[in-house]
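User: Could you take me through a close look at one part of this model, the aromatic rings and what surrounds them? I would enjoy one connected account that starts from a side-chain contact and works its way to the rings.

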Amino acid sequence: MHWWHQTVMDIGLNKRSVVVSWHDLKLCMRAQFVPPHYMKELLLKLQRFYQGPRSVDEYFKDLEVTLTKINMHESEKSKIARFVSGLRREIQNVVELYEYTYLKNWFI
């Protein structure tokens, strides 16, 4: 609460830009409360992302959560490539036999 009151005072004194949207508020809060190394760690996690012992559904959900946390907006083709490349080899072999255009259609 103290941080928000200070932010409002800074806006009033023109030390900070006005927060007029949810997006602005999220940016402001991230700058204040998210450590600088957090984004780097998430990007490294994403680069090394693989299925491991998880089910395909768990792996997919973890990938979606990580992409959301990073706020990364990849094309559907890029998401598919990232997803398939992290699957276990025996599952990759089966998936590569099929034509796919949307990642979420696999789980319906």
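Analyst: Happy to. Let's begin with a polar contact of 2.7 Å, which links the side chains of Arg89 and Gln92. Please keep in mind throughout that this is a predicted model. Arg89 belongs to helix H6, which covers residues 89-95. Its relative accessible area is 52%, over the 50% cut-off, so Arg89 counts as exposed.

From Arg89 we can step across to Gln51. The two residues are 38 apart along the chain, while their C-alpha atoms are separated by 9.8 Å. Gln51 is in the loop between H3 and H4. Is Gln51 buried or exposed? With a relative accessibility of 1%, Gln51 counts as buried. A polar atom of the Gln51 side chain lies 2.9 Å from the backbone oxygen of Arg54. Setting aside neighbours within four places in sequence, Gln51 is in contact with Val56, Tyr59, Gly86, Leu87, Arg88 and Ile91. One of these partners, Tyr59, leads us straight to the rings.

How many aromatic pairs does a search of the whole structure find? The search finds five. In one of them, the ring centres of Phe49 and Tyr59 are 5.5 Å apart and the planes meet at 25°; this angle is under the 30 degrees that marks stacking, so the pair is stacked. Phe49 lies in the loop between helix H3 (36-47) and helix H4 (56-70), whereas Tyr59 is in helix H4, so the pair ties together parts that are ten residues apart in sequence. Both rings belong to buried residues: Phe49 has a relative accessible area of 10%, and Tyr59 has 0%.

Another pair is made by Phe60 and Phe83, with 5.9 Å from centre to centre and 85° between the planes, an edge-to-face arrangement. Why does this pair tie together parts that are 23 residues apart in sequence? The reason is that Phe60 lies in helix H4 and Phe83 in helix H5 (residues 76-86). Phe60 and Phe83 are both buried. Taken together, Phe49, Tyr59, Phe60 and Phe83 form one aromatic cluster.

Arg54 comes back into the picture here. Its backbone oxygen was the partner of the Gln51 side chain, and its charged end sits over the ring of Phe49, 5.0 Å from the ring centre.

Phe49 also has a neighbour in helix H4, namely Thr66. Not counting residues up to four places away in sequence, Thr66 touches Leu42, Lys45, Leu46 and Phe49. Thr66 has a relative accessible area of 1%, so it is buried.

On the H5 side, Phe83 has buried company: Lys79, Ile80, Arg82, Phe83, Val84 and Gly86 are buried in that helix. Gly86 is also among the contacts of Gln51. The cover over the buried residues of H5 includes H3, H4 and H6. An α-helix has 3.6 residues a turn, so residues three or four places apart point the same way.

For contrast, here is a residue in another part of the chain. Ser17 is in the loop between helix H1 (2-12) and helix H2 (22-33). At 59% relative accessibility, Ser17 counts as exposed. Ser17 and Thr7 are ten residues apart in sequence, and their C-alpha atoms are 9.6 Å apart in space.

Finally, let's set this part in the whole protein. There are six helices and zero strands, and from the N terminus the elements run α-α-α-α-α-α. The radius of gyration is 19 Å, well over the 13 Å that the globule rule gives for 108 residues, so the protein is more spread out than a compact globule. Along the principal axes, the C-alpha trace spans about 60 × 25 × 20 Å. Buried residues make up 27% of the 108 residues. Of the contacts with a separation of 6 or more, 49% are between residues 24 or more positions apart. The protein exposes about 8,200 Å², and carbon and sulfur atoms supply 59% of that area.

Technical notes
Residues numbered from 1 in each chain as written. Predicted model: local features only at pLDDT ≥ 70, side-chain atom pairs only at ≥ 80, totals over all residues. Heavy atoms only, no water. Phe/Tyr/Trp six-rings, centres within 6.5 Å; stacked < 30°, edge-to-face > 60°. Helix = DSSP H or I, 4+ residues; strand = E, 2+ residues; numbered from the N terminus. Buried < 20%, exposed > 50% of the residue type's maximum accessible area, 1.4 Å probe, protein only. Lys NZ or Arg CZ within 6 Å of the ring centre and 35° of its normal. Rg over C-alpha atoms; globule rule 2.2 N^0.38 Å. Contact = heavy atoms within 4.5 Å. Areas by Shrake-Rupley, 256 points an atom, 1.4 Å probe, with all protein chains shown as cover. Polar contact = N/O pair within 3.5 Å; in protein donor to acceptor, adjacent residues only side chain to side chain.
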